[in-house]
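Please open the model in your viewer and keep the selection panel at hand. The tour goes from one selection to the next and says what is to be found at each.

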Amino acid sequence: MMGFNGFFFEFKFWCDFQFFLCNMQSYVKMIIEMEKAVSAENITYSYNKKLAVDHVSFHIDKGEILGFLGPNGAGKSTTLKMLVGLLVPQDGKVSILGMNTSKELKKIQAQIGVCFEEKNLYEEMSAVENLKFFASLFGVRRLDVVALLKKVNLSVEKRQKVASFSKGMKQRLMMARTLVNYPKVLFLDEPTDGLDPVSARAVRDVILEEKGKGATIFLTTHDMMEADKLSDRVAFINDGKISVIDTPENLKHEHGKRILRICYRLDGGVREEELSLEDKDMSKRIDEISSKYSILDMHTEEATLEDIFIKFTGRKLVG
Amino acid sequence: MNRILPIVKKDVTQIFRNRFIAVITFLAIFIYAVIFHIMPSKVEEAYSMGFYFEKGREVAEEQISKEEGLEVVWADDEEGLKKLVENEDVQAGLSFTLPEGKPKIVLYTSSQTPEEIREAGDVIAREAAYNLSGYPLNVEFNEVVIGPDLIGMQVPLRNKMRVLFVVVILAVEFYALGNLISEEIRKKTADAILVTPVSISEFMTAKVATGIFLTFFEGILAAFLLNIISVDTVIPFAVLLLLGAFLVVAVSFVLGTISRSFLGLTAYGTLFMVVFMIPAFILIFPGGYSFWINAVPSYYLIIPLDGIVNYGYVLSDYLPEMAYLGSFDLVMLLLGLYVLRRRLT
Ligand SMILES: Nc1ncnc2c1ncn2[C@@H]1O[C@H](COP(=O)(O)OP(=O)(O)OP(=O)(O)O)[C@@H](O)[C@H]1O
Ligand SMILES: [Mg+2]
């Protein structure tokens, strides 16, 4: 009897183990999927005949900031709108926090925060009224408005209408509104566009603070400095297509050339010369210059994301 | 529901924070109430009367000219007097004849003449007869109404106008609600709402609720100020108001969706408002009636309103009108919801 039991146990164990192995691959896949807060597969959208986003795929890991970098009209906002469920992708699919936007949109929307490019606040209402209203839509009853306003560094009169706010104040309020439901994933569409350095800084601080708390962030921008500073990875988008996604460091290391800039006096004027650090003849040229002319300034320059963007897309980010 | 209520609350706040909308809404209600109360309830104070005297016109002229507030027109014969009354040149006509030596007085009134005027004419006539003959008992006194007899159906202008006022106040909601919807779309605040757990259906339901609530509330307020509400009229009035409110909401949905700017909204709004109000003007200027007015849906709101408020009719007298209005409400509302949903997706 015991022998049979033992055999049975062993048999069952091996069956289970076999089963486990077979499923290992899908488990791993699932775990990887679970680590992704956002994933977009082949998403496509065209307005009438104009193709705005063309089969774009990417993912964002939990707790990661993905900078979506592209010039005006590249398709950044259109992509964002598909991610948050305002536009339905004409092809492909989006899943957020493991849920498909075409199936569980309202469940997803309860856990995300969206900061729009347009400052779509209720202008005739106060900051507090705006925040409380949006909180109520999420079923958040007790919103600590004071703490939230403090977090985005916005000080306002209680009854002051949003219409009388400066651009920077409105943008800070936009950020505050994005956070009323304590979202796990943030979608921010050019949140620092057109702000003075102080306001932009305030907004960036909030972004980093949220990341620190574990939030996942999709950040569109055409400010390469911002993308460089804030993003864990950046995606270059142009004409509705992503040309590359990588960390800013990798991009600069692999695709950017580092240069040495030398200024020296020549014939009573000042001359500037760029030398590639990868160039073997560089030191020879430096010796040449230093022996003939008096060097005024000499420094190395790293390629910027802007340079790399131009390299990839043949287009400037701004203008 | 717990997501609809906050939107309604926000919508109402937003509407009244808009100064233009707040002003036109409440000013309209207030001004109309004032106009109503300063308009004469007895129609016209100056009284014009035609006279025909077979004999003794000189004596009568002297006597009658002493009457204050009376405008006198003299006719040359009985037929001439009747013509005066018929053409509404005078509000009443009095003839004094002496067939077979016995004084005979006839008071002519038009069926278009409000009852109050007829009563006044009656008093004046009796008084004049007494003054002239000295002994009223011997006088044969007749009252003749020219035209179809609608006694009891005559209503002072101001009572007719209050139906117009109620309709104007409803129509002002075209702007309020149309602007609310158009702003949510234009300023993209609708997007901000639609990326929360609020669905498009909830968003639109909230808009319908806001519209019905406001229109209904303003209609009732106006009705109070215009003395429309009584124990008998309150329920039929409320029912009609509700049907009217749905019409206004439905039209505002279309209006708010198609107008791309505030200017467009006011232009379209005015157009809709004028069409909406035409049937109410017909109440005041019956001569302006033409057949196509039957095609304007608000006609089926205005006719029952007038009948119930001014003539004491009841709802069951207007079942066909209400059925037509109700179906128009439904069709219009479906259209409004359809265009708005298309705009939001
Ligand atoms: N509602 C619309 N109707 C028609 N075309 C549109 C609409 N919105 C965007 N587009 C077009 O789609 C393309 C992508 O626009 P999108 O707004 O996504 O760009 P973007 O990267 O966000 O640009 P920006 O930096 O200016 O915000 C553009 O060519 C734009 O003209
Ligand atoms: Mg954009």
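The stops below take in two sheets and the interface of two chains in what is a predicted model.

**First stop: a four-stranded sheet in chain A**

Begin by selecting β1, β2, β4 and β5 of chain A, which form an open sheet in the order β2-β1-β4-β5 with antiparallel pairing. At its edges you will find β2 (50-61) and β5 (99-100) of chain A, each of which pairs on one side only.

Next, restrict the selection to residues 36-47 and 91-96 of chain A, that is, strands β1 and β4, which are paired in the antiparallel sense over five bridges. To look at a single position in this part of the sheet, pick E41(A), whose bridge partner in β4(A) is K93(A).

Now add residues 76-84 of chain A, which make up helix α2; this helix lies across β1, β2 and β4 of chain A and runs at about 120° to β1(A).

**Second stop: a three-stranded sheet in chain A**

Move on to β11, β12 and β13 of chain A, three strands in an open sheet whose order is β12-β11-β13 and whose pairing is antiparallel. Because β12 (269-276) and β13 (295-301) of chain A stand at the edges with a single partner strand each, one side of each is left without a neighbour in the sheet. Viewed from one strand to the next, the twist averages 15°.

Within this sheet, select residues 259-266 of chain A, strand β11, and β12(A), which run antiparallel and are joined by eight bridges. Which residue of β12(A) stands opposite R261(A)? Selecting E274(A) shows the residue that takes that place.

**Third stop: where chain B meets chain A**

Finally, display both chains and select the residues in contact, of which 20 come from chain B and 22 from chain A. Between them the two chains bury about 2,000 Å², with 66% of that area on carbon and sulfur atoms. On the chain B side, highlight R17(B), V195(B) and P197(B), which supply 32% of the area that chain B buries against chain A, more than any other three residues.

For the polar side of this interface, the rule finds eight residue pairs in polar contact, both residues being at pLDDT 80 or more, and two salt bridges. One of these joins E118(A) to K188(B), with the closest N and O atoms 3.7 Å apart. Then select α1 (4-17) and α7 (189-194) of chain B, each of which supplies at least two residues of the side that touches chain A. Coloured by class, that side of chain B has eight nonpolar, five polar and seven charged residues.

How values were computed
Residues numbered from 1 in each chain as written. Chains lettered and ligands numbered in written order. Predicted model: local features only at pLDDT ≥ 70, side-chain atom pairs only at ≥ 80, totals over all residues. Heavy atoms only, no water. Pairing = 2+ DSSP bridges. Contact = heavy atoms within 4.5 Å. Axes fitted to C-alpha atoms, helices over the stretch in contact; angles between N-to-C directions. Buried area = accessible area lost by both parts, 1.4 Å probe. Salt bridge = Lys/Arg side-chain N within 4 Å of Asp/Glu carboxyl O. Polar contact = N/O pair within 3.5 Å; in protein donor to acceptor, adjacent residues only side chain to side chain. Nonpolar A, V, L, I, M, F, W, Y, C, P; charged D, E, K, R; others polar.
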